[in-house]
Amino acid sequence: LGETHRRQGDTARAETYFKSVLEGAAQTEDRNAKAHALCSLGWIYKGQSRYQEAEEALREAHEIHSRIGDRRGIANALFCLGSIYRHQSKYREAEAALREAHEIYSRIGDDRGTANALLGVGWIYRTQSRYREAEETLREAHEIHSRIGSEKGTANALYGLGEIYHVQSRDREAEKALREAHEIHSRIGNEMGIANALEVLGKIYLRQWRNREAEDAFRRAHEIYSRIGNDLGTANVLHGLAEIYRCHSRNQQAEEMLRSAHEIHSRIGNEVGTADALHGLGSIYHDESKNREAEEALREAHKIYSRIGNDLGIANALHGLGSIYRAQSRNREAEEALREAHQIYSRIGNDRGIASALDGLGEIYHAQSRYREAEEALREAHQIHSRIGNHLGTANALLSLGDIYRADSRDQEAEKLLREAYDIYSVFGHPLGTGNSLRTLGILFSDRGDYEKAQTFFCQALSEYNRASSCFSRAHTLYLLAEIYRISSNYLQEEESLTESLTIGIRLNDDGLQGAALAPLADLFRSPSKYSVTLAAALQVGAIPQQTSADVRRGAALHDLGMGLLVQRKYRQAEDSYSLARALFSRARDGRGEASALRSLGTVFTLQARLEIAAERFTQARRISVGISDHDGEVMALGCLMGACLLQGSLAELRSYCVEALKIHYRTGGPQTRSLPPSRKHL
């Protein structure tokens, strides 16, 4: 009964029956029954990632089988122990246990056991990136299971082969094997097998940018893993879903899922999964320009991969670190990391990894104007991507090559490759790729002086980045578009583009984006002729409501930026930001906003001991608040003036401002009026 329920996925009822067997065996001193029940319990605990309990049960079962001379029981216990060690990344112990089990099964003529042990050894080889040995071992297991008519074993072998093909970028073979495995598991009702196949199919679809199919596969797998209580599978699927969210720039949801996956892997002692989750978190932090956090996560992942001897993980972590170093212009470190990653990928025969490392090296050489080396690396990457059918990788290489030719003034070749990359991205519905192609084409035509076409390409790129939800790329393109508007003296649209770019920079907390947009914005507002043009345009009939709303939003964003800069003691930048905010609030005729910006400007000057200018700004703020009957604003301005007087030693003025503030409180029934102590009332 216990075995029946276990096969049906009802592990809770199965566990109850096996424990009943243990109680009965203890009363009758039936050692054989006790050992078999312990082995079955160990298998259930393993499926629930309760590895410590599983190992204890199986060690006891192995001891009993050894004492009574039950060779099949010994082999079964060793096989289960090998599986547990594998999930805990104890590969040496796992391989030793599985090989011993294989030897016993072969000696007693147990074909099913022999094939299952081969499956376990094959999965270890796969984890260690020993793909040729893994494929040979799994093919042998598949042949035995097929011969003896073991459908579950055949499906498990197909699943293992599908995983190996997937890692080697043989996606067509991988999908075929996994679909066949899924079909068999569905027919025999093996829920764990169904979920495992769906999980890897989801990874294949994700890599092919078939995100809807990927999400569907991951969610179906997650539902099964959750129902049967398989923590390992649940964590793996959460990682897959996080990758989908990351592709759509839904980084907060992606980070939450990866943190959950990391917690599960850490709790159940799965070091590979823990490192994979750290790698995923590092990638998200890198996307968000949180380079310190990204580097810490990837270094920790690299340490774990190195400790357990996972070559593929080591190479992936190095590749990620190389990308971070490249973004920080740490080109020497980036090149070293990517070269080491390339060497490992080459040794284990991972073509996709080799090509990705070459892509990264090409980008580094490009940044250093080493165009010949960059071209060689990217051409080789393009050749590999094309050979293995990685269409998006092919497009990425074409895009990078086109950008190199553009920088090297080989405009005709650049345009050809960029348009070819755009076509590939379009076929696969990859908005980030199409946006990048269009933006680079815009830069190409801008370099030629064809600003009309450049503007068209930049605007089309912005539309694609909206579809991709790529805020960073949108901000960078808005900055480029603003330059086109500046050249054509279209100052209103220049200002709109720069303020939107700045707003995104503030939201992403990206100092680079903020600084790039703030400087030309400050220049625009300091120029009387340019500012008068933008002001006149804003005040045209019919333009006021929409423009006013936009100005208030931008003013608020700039004011928030000023606060951040003030905290960092970046007074010049804070002054620029508050001045721009004031100008926008003024144009929008938002008195409260303008007064707030003036008070903030006064604070900047106060902190720099420029007290006379500070007092002027506070006085201006008070005047505006009086004009719009904003009593709270007037009191705040008076409070600021009191602070300035105190620093200047002007106690008579301080007293007069204080009395005026108290009068406003009494007159308006402010909250402090009812609770003022006698001493303050007298003052």
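The protein chain has 35 helices and zero strands. Its radius of gyration is 33 Å, well over the 26 Å that the globule rule gives for 683 residues, so the chain is more spread out than a compact globule. This is a predicted model. The points below go from the whole chain to single residues.

**Overall build**

- Along its principal axes, the C-alpha trace of the protein chain spans about 105 × 75 × 45 Å.
- Of the 683 residues in the protein chain, 53% are buried.
- The protein chain exposes about 31200 Å². Carbon and sulfur atoms supply 48% of that area.
- Take the contacts in the protein chain with a separation of 6 or more. Residues 24 or more positions apart account for 57% of them.

**Aromatic pairs**

- A pair of aromatic rings is described by two things: the distance of the centres and the angle of the planes.
- Ring centres must lie within 6.5 Å to count as a pair. By this rule the count comes to two aromatic pairs.
- One of them joins Trp123 and Tyr159. Their ring centres are 6.3 Å apart, and the planes meet at 65°. Planes over 60 degrees apart count as edge-to-face, so this pair is edge-to-face.
- The pair links distant parts of the chain. Trp123 sits in helix α7 (residues 111-127), while Tyr159 sits in helix α9 (residues 151-167). The two are 36 residues apart.
- Are these two residues buried or exposed? The cut-off for buried is under 20% relative accessible area. Trp123 has 15%, so Trp123 is buried. Tyr159 has 11% relative accessibility, so Tyr159 counts as buried too.

**A charge over a ring**

- Arg448 lies over the face of Phe445. The distance from the ring centre is 4.6 Å.

**Ala115 in helix α7**

- Ala115 lies in helix α7. Trp123 is in helix α7 as well.
- Ala115 is buried, with a relative accessible area of 0%.
- Which residues does Ala115 touch, not counting those up to four places away in sequence? They are Ala141, Ile144 and His145.
- Ala115 and Glu143 are 28 residues apart in sequence. In space they are 8.5 Å apart, C-alpha to C-alpha.

**Arg352 in helix α19**

- Arg352 has its place in helix α19 (residues 351-367).
- Is Arg352 buried or exposed? Its relative accessibility is 14%, under the 20% cut-off, so Arg352 counts as buried.
- Arg352 is in contact with Ser169, Asp171, Arg207, Ile388 and Asn390. That list leaves aside its neighbours within four places in sequence.

**Cysteines**

- How many disulfides does the structure hold? The count is zero.
- Cys645 is in no disulfide. The nearest cysteine sulfur is that of Cys658, 11 Å away. A disulfide needs sulfur atoms within 2.5 Å, so 11 Å does not meet the cut-off.
- Cys658 is in no disulfide either. For Cys658, the nearest cysteine sulfur is that of Cys645.
- Cys645 is buried, with a relative accessible area of 4%. Cys658 counts as buried at 11% relative accessibility.

Methods:
Residues numbered from 1 in each chain as written. Predicted model: local features only at pLDDT ≥ 70, side-chain atom pairs only at ≥ 80, totals over all residues. Heavy atoms only, no water. Phe/Tyr/Trp six-rings, centres within 6.5 Å; stacked < 30°, edge-to-face > 60°. Helix = DSSP H or I, 4+ residues; strand = E, 2+ residues; numbered from the N terminus. Buried < 20%, exposed > 50% of the residue type's maximum accessible area, 1.4 Å probe, protein only. Lys NZ or Arg CZ within 6 Å of the ring centre and 35° of its normal. Rg over C-alpha atoms; globule rule 2.2 N^0.38 Å. Contact = heavy atoms within 4.5 Å. Areas by Shrake-Rupley, 256 points an atom, 1.4 Å probe, with all protein chains shown as cover.
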